Amino acid sequence: MSKEKLNVLLLGSGGREAAIAWKLSQSPRMGKFFIAPGNAGTSAFGTNLPIKPTDFEAVYDAVVSNDIDLVVAGNEDPLVEGLREFLESRAMAEGRELLMVGPGKAGAALEGSKDFAKHFMAKYGIPTAKYLTVTPDNIAEGDAFLESLEAPYVLKADGLAAGKGVLIIDSIDEARQSLRRMLAGQFGKASAKVVIEQFLSGIECSVFVLTDGTGEYIVLPPAKDYKRIGEGDTGLNTGGMGAVCPPPFVDDEFMAKIDSRIIKPTLAGLAAEGIDYRGFIFLGLINCGGEPLVIEYNVRMGDPETEAVMPRIASDLLPVLEAAADARLKGMAIETDPRTSVTVMAVSGGYPGDYEKGKAISGNLAPAESIIFHAGTAAAADGKPVTAGGRVLTATSYGRNISEAAALSYKALEGVHFDGMYFRRDIGRDLLPYE
């Protein structure tokens with residue numbers, strides 16, 4: 001595609017999509033820009049469309065009516081359900097040229113099925129934890145595998161479970177009981193199979209790869225996110241309470257290991273499987289004594305890591321996404337801001353448990369020294385933002401180091417208010433010894 005201006009449709013509604021929208025809206029090549037469904041903040045970057053990304057007919061109607069050139073999938077659900085194939089077949093039937101960032105159903109199985117991902121890693125020699133896939137037919141084998149492991153025990157629902165399908169359990173008796181509850185439908189169809197994994201001890205990080213299906217790829221700045229609700233990494237798991245980009249322990253030597261042992265074998269494996277993968281691959285990694293191992297694959301950017309990564313991309317992202325979707329990344333590159341960025345997530349009171357929505361959001365949502373990205377927000381009848389999710393908004397700031405960037409993000413959130421608002425004040429603190 002060689003159009004001077006591109007009309008773009010971005011699918012999703014969270015902080016990840018807000019950060020991508022913020023970055024793409026700065027491109028001089030941006031034509032008409034739509035976010036579906038978006039949130040109260042994304043309307044500053046483009047036009048929100050009240051469409052669910054999993055409503056394929058509505059998505060294609062939006063493509064046609066708005067003359068869309070490029071579709072960017074923000075979240076995984078439509079990819080796992082086959083959005084790429086649907087759009088491509090409809091566009092081809094109507095003679096329409098359409099590009100898409102996001103893999104087809106076969107590639108999306110890297111995230112859509114833990115069992116597929118683990119088999120893939122084993123087949124192509126990609127370092128990961130020991131595992132066993134369990135169904136109701138081999139529960140005894142699952143019990144024996146649990147016996148062979150040391151606590152804690154990791155149980156993962158095979159399919160997508162809205163981020164809730166991973167259990168880390170200290171007691172083997174409780175692990176056995178949880179295995180049976182999962183197989184009996186605790187997470188619906190997602191846990192019809194359960195992957196038991198060896199627990200890995202180390203420090204985690206996220207690495208993001210953009211690839212074009214030909215073996216060419218670009219590595220975006222790495223990040224580290226914080227999943228626990230409480231400071232000191234205590235309490236329940238969440239979708240993410242903050243992120244640091246880059247984590248200082250991810251040095252050139254560690255990145256070289258990731259590239260040779262994980263990225264290249266992953267792309268070679270996809271090619272060997274005949275999977276034309278065009279889009280992001282999120283590598284959830286753990287550093288075990290200086291060696292990178294894969295915890296999981298995702299088939300899109302992470303959240304809240306994206307809110308820390310996008311501000312560090314100093315060059316125009318839109319032509320790079322277009323090139324990835326068009327299988328011509330060769331020779332492309334991105335420029336990176338040398339500063340550190342720290343993202344802090346503000347959440348609703350009660351999250352990740354029950355919480356109320358519709359709380360008015362007030363204060364300075366455009367601070368001079370930080371970027372506020374909306375996540376779980378909506379526009380009220382008067383146009384003002386209200387809470388509409390557990391994770392409500394993030395503040396992202398630059399700094400010469402983690403402490404400086406984090407302090408600015410805390411200051412930005414102190415200038416915002418909604419009833420029950422909570423955020424962690426220790427994002428990045430564990431990384432200070434590495435700086």
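Five strands form an open sheet in this predicted model. Their order is E3-E2-E1-E4-E5, with parallel pairing. Two strands count as paired if DSSP finds at least two bridges between them. Strands (E, at least two residues) and helices (H or I, at least four) are DSSP runs, numbered from the N terminus. Strand E3 (47–48) and strand E5 (99–101) are the edge strands, each pairing on one side only. Residues are numbered from 1 along each chain as its sequence is written. Local features need pLDDT of at least 70, side-chain atom pairs count only at pLDDT 80 or more, and totals for chains, interfaces and linings use all residues, while side-chain values use heavy atoms and leave out hydrogens and water.

Within the sheet, strand E1 (residues 6–12) and strand E2 (residues 30–37) pair in the parallel sense over six bridges. Gly12 has Pro37 in E2 as its bridge partner.

Helix H9 (residues 252–272) has 21 residues and should span 30 Å at 1.5 Å a residue; its end C-alpha atoms are 28 Å apart, which agrees. The expected span is 1.5 Å times one less than the number of residues. H9 has a kink of about 40°, centred on Asp259. The bend at a residue is the angle between axes fitted to the seven residues ending there and the seven starting there.

Buried residues of H9 include Phe254, Ile258, Ile262 and Leu270 (buried, under 20% relative accessible area; exposed, over 50%; partly exposed, in between; 1.4 Å probe, protein chains only). Their cover includes helix H5 (105–112), helix H6 (114–123) and strand E16 (278–288), with contact meaning heavy atoms within 4.5 Å. Just after H9, Gly274 takes a positive phi of about 75°.
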